[in-house]
Structure formats: structure tokens, C-alpha cells
Amino acid sequence: MSKKIKTALVSLACGLMTATLVIASNGPATVDLKGPAGSKPPVAFNHKAHQDKNKCGDCHHGKTADGKQDPYKDGQAIAKCSTCHELGKPNDNIHKNCKGCHTEKKAGPQKCDECHVKK
Ligand code: HEC
Ligand code: HEC
Ligand code: HEC
Ligand code: HEC
């Protein structure tokens, strides 16, 4: 096999592997996010639309051995926010994350009932 073809095949294989990994670990396209008490209407979160316009690390991260925030690394395991954070309050870390970006980008809902849409 010529060197050129070999290189092409290797990069094709790598490309396919990366593609499969990304598809396998992207999570749900949409999620209904709700707090532990169920006191507010669930938030219809379009995960896919957010993924297309933002970086995984804008929302996901891990935890270091000494309990600090560990910045997102490509392909890392992703756990639910509630694994590490206490949710259920309007000033909890998920509200900080969502509203923080919406405020910064001057786009996306910031008022309670724009996210907690009554059905
Ligand atoms: C950007 C979207 C967004 C906005 C704006 C928002 N929330 Fe939330 N809220 C969420 C998400 C996501 C959850 C589910 C996770 C959690 O418990 O924090 C939630 C959960 C909650 C819960 C917990 C409900 C339960 O059953 O445990 C309360 C209470 C709450 N929000 C109050 C508020 C109030 C009050 C406001 C306005 C000051 C507000 N939220 C604005 C996204 C939003
Ligand atoms: C704008 C914020 C945001 C961005 C950007 C984002 N995600 Fe998420 N992702 C979330 C939220 C919120 C959840 C729901 C977490 C929960 O239920 O606690 C989630 C859930 C997931 C889950 C499922 C976790 C579980 O155990 O249920 C995976 C996997 C995931 N995301 C991967 C990714 C990858 C890979 C990227 C980048 C390509 C990405 N996400 C980009 C916010 C985001
Ligand atoms: C593996 C554990 C872990 C998971 C899962 C996790 N976090 Fe965190 N997060 C941390 C740690 C540790 C910190 C730093 C200490 C702290 O603020 O609680 C942090 C800090 C934050 C902060 C900064 C708080 C501040 O005031 O500066 C926000 C916002 C946040 N996380 C949002 C999220 C969201 C949203 C999710 C789910 C998409 C999530 N985290 C999932 C561990 C985690
Ligand atoms: C890193 C930035 C960023 C973060 C973090 C973020 N958003 Fe957004 N969101 C946006 C932007 C920008 C828009 C405006 C529409 C667009 O450009 O796609 C938006 C739009 C929305 C909309 C209205 C349009 C739609 O997709 O339904 C909802 C609802 C929403 N966000 C919910 C959330 C929730 C809930 C969270 C937290 C779990 C969150 N967002 C976190 C950037 C962000």
C-alpha cells in the first residue's frame, strides 16, 4: 500500500472513531429539567440547539480530588448537575449557569415564567 493511501485510511478510521464517540456521548436532544420538589413547571431545555451554539465546557465540568471545579476536557464522563449540586432554588448553580449566559449574551430567557412555562 502506498504511504498516501495508508495515511488516508488511518485518518478516515480516526475520523469515524471520533464521530462515533461524539454521537455516543452527546446526551439527549431535549430534556425536561425539573427540581426535586416539582413545585415549578418543568423547563423544556433544547440541549441540541445549545450544543450547536456553545461549548460543552460552558455548562459541563468535573470535580477535582480536593473538591474544586475541574474544567471540561473533551470526552470526559458527564454526570447530572444534581450529582454534585443541590438544586431546587432560584439561585442554585443551574440557574447561575443558565441565566448567567443568557444575561451575558443578551439572548435567551431570564424571567421565571419564560423558562417555567405553564402548560
Ligand atoms: C433559564 C431558565 C430558568 C429561569 C429564567 C428560571 N428558572 Fe427556575 N429552574 C430552571 C431549571 C433548569 C430548574 C431545574 C433544576 C433546579 O432545580 O434548579 C429550575 C428549578 C426551579 C425551582 C425548583 C422547583 C422544584 O420543584 O424543586 C424553583 C423553586 C425555581 N426554579 C424558581 C425559579 C424562579 C423563582 C425564577 C425567577 C426568579 C426562575 N426559577 C427562573 C430554569 C430556570
Ligand atoms: C448550555 C448548556 C449545555 C451545553 C452547551 C451542553 N450541555 Fe450537556 N447537558 C446540559 C444539561 C443542563 C443537561 C441535563 C443535566 C441534568 O439532567 O442534570 C445535560 C446533559 C448531558 C448529558 C446526559 C447526562 C446524564 O447523565 O443524564 C450528556 C452526555 C451531555 N449533556 C453531553 C454534552 C456534550 C458532549 C456537550 C457538547 C457537545 C454538551 N453536553 C453541551 C447542558 C449543556
Ligand atoms: C462532578 C461534579 C460536578 C458536576 C456533575 C457539576 N458540577 Fe458544577 N461545580 C462543581 C464544583 C466542585 C464546583 C466548584 C465549587 C462550587 O461552586 O460548588 C462547581 C461550580 C459550578 C458553578 C459555579 C458557581 C459559582 O458561583 O461560581 C456553576 C454555575 C456550576 N457548577 C454549574 C453546574 C451545572 C449547570 C452542572 C450540570 C450541567 C454542573 N455544574 C455539574 C462540580 C460539579
Ligand atoms: C453558554 C450560554 C448559554 C447557557 C449556559 C444556557 N443558554 Fe439557553 N440560550 C442561550 C442563547 C444564546 C439563547 C438564544 C437562542 C439561540 O441563540 O439559540 C438561548 C435560548 C434559550 C431558550 C429559548 C429557546 C429554546 O431553545 O427553547 C431556553 C428555554 C433556554 N435557553 C434555556 C436554558 C436553560 C434551562 C439553561 C441551563 C440549563 C440554558 N438555557 C443555558 C445560551 C445559553
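For the composition of a ligand shell, Ala, Val, Leu, Ile, Met, Phe, Trp, Tyr, Cys and Pro count as nonpolar, Asp, Glu, Lys and Arg as charged, and the others, Gly among them, as polar. On this basis, the shell around ligand 1 in the predicted model divides into 11 nonpolar, eight polar and six charged residues. This shell holds 25 residues, of which G35, A37, L87, C112 and C115 are the closest. Helices α3 (93-105) and α4 (112-115) each contribute at least two residues to the surroundings of ligand 1. The largest share comes from α3, with five residues.

The chain comprises four helices and four strands, arranged from the N terminus in the order α-β-β-α-β-β-α-α. Of its 119 residues, 1% count as buried. Among the contacts with a separation of 6 or more, 28% join residues 24 or more positions apart. The mean pLDDT of the chain is 87, and 80% of the residues score at least 70. Residues 12-24 have a pLDDT below 50, and beyond near neighbours in sequence this stretch makes one contact in the model.

Helix α3 also takes part in the surroundings of ligand 4, where it gives the most to the shell, six residues. Strand β2 (43-46) and helix α2 are further sources, and each of these three elements, α3 included, supplies at least two residues. In total 20 residues lie around ligand 4, with N46, D58, C98, C101 and G108 coming nearest. By class, the shell of ligand 4 consists of 11 nonpolar, six polar and three charged residues.

The shell around ligand 2 has 18 residues, and the nearest of them are G27, H50, C56, C59 and K80. Helix α2 (residues 47-53) provides the largest share of this shell, three residues. The shell of ligand 2 is made up of seven nonpolar, nine polar and two charged residues.

The geometry of α3 was compared with that expected for its length. At 1.5 Å a residue, its 13 residues should span 18 Å, and the C-alpha atoms at its ends are 18 Å apart, so the two values agree. The helix is followed by K106, which is placed in the loop between α3 and α4. The phi angle of K106 is near 50 degrees, a positive value in a residue other than glycine. K106 is classed as exposed because 7 other C-beta atoms lie within 10 Å, where the limit for an exposed residue is 12 or fewer.

In strand β1 (residues 30-33), L33 was examined as an individual position. L33 has 17 C-beta neighbours inside 10 Å and therefore counts as partly exposed, since a buried residue requires 20 or more and an exposed one has 12 or fewer. Apart from its neighbours within four places in sequence, L33 is in contact with P42, V43 and F45. L33 and H116 are separated by 83 residues in sequence, while their C-alpha atoms are 9.6 Å apart in space.

How values were computed. Residues are numbered from 1 along each chain as its sequence is written. Chains are lettered from A and ligands numbered from 1 in the order in which they are written. This is a predicted model: local features need pLDDT of at least 70, side-chain atom pairs count only at pLDDT 80 or more; totals for chains, interfaces and linings use all residues. A residue is near a molecule or strand if its C-beta atom, placed from the backbone, lies within 6 Å of it. Two residues are in contact if their C-beta atoms, placed from the backbone, lie within 7 Å. The expected span of a helix is 1.5 Å times one less than its number of residues. pLDDT is the predictor's confidence in each residue, from 0 to 100.
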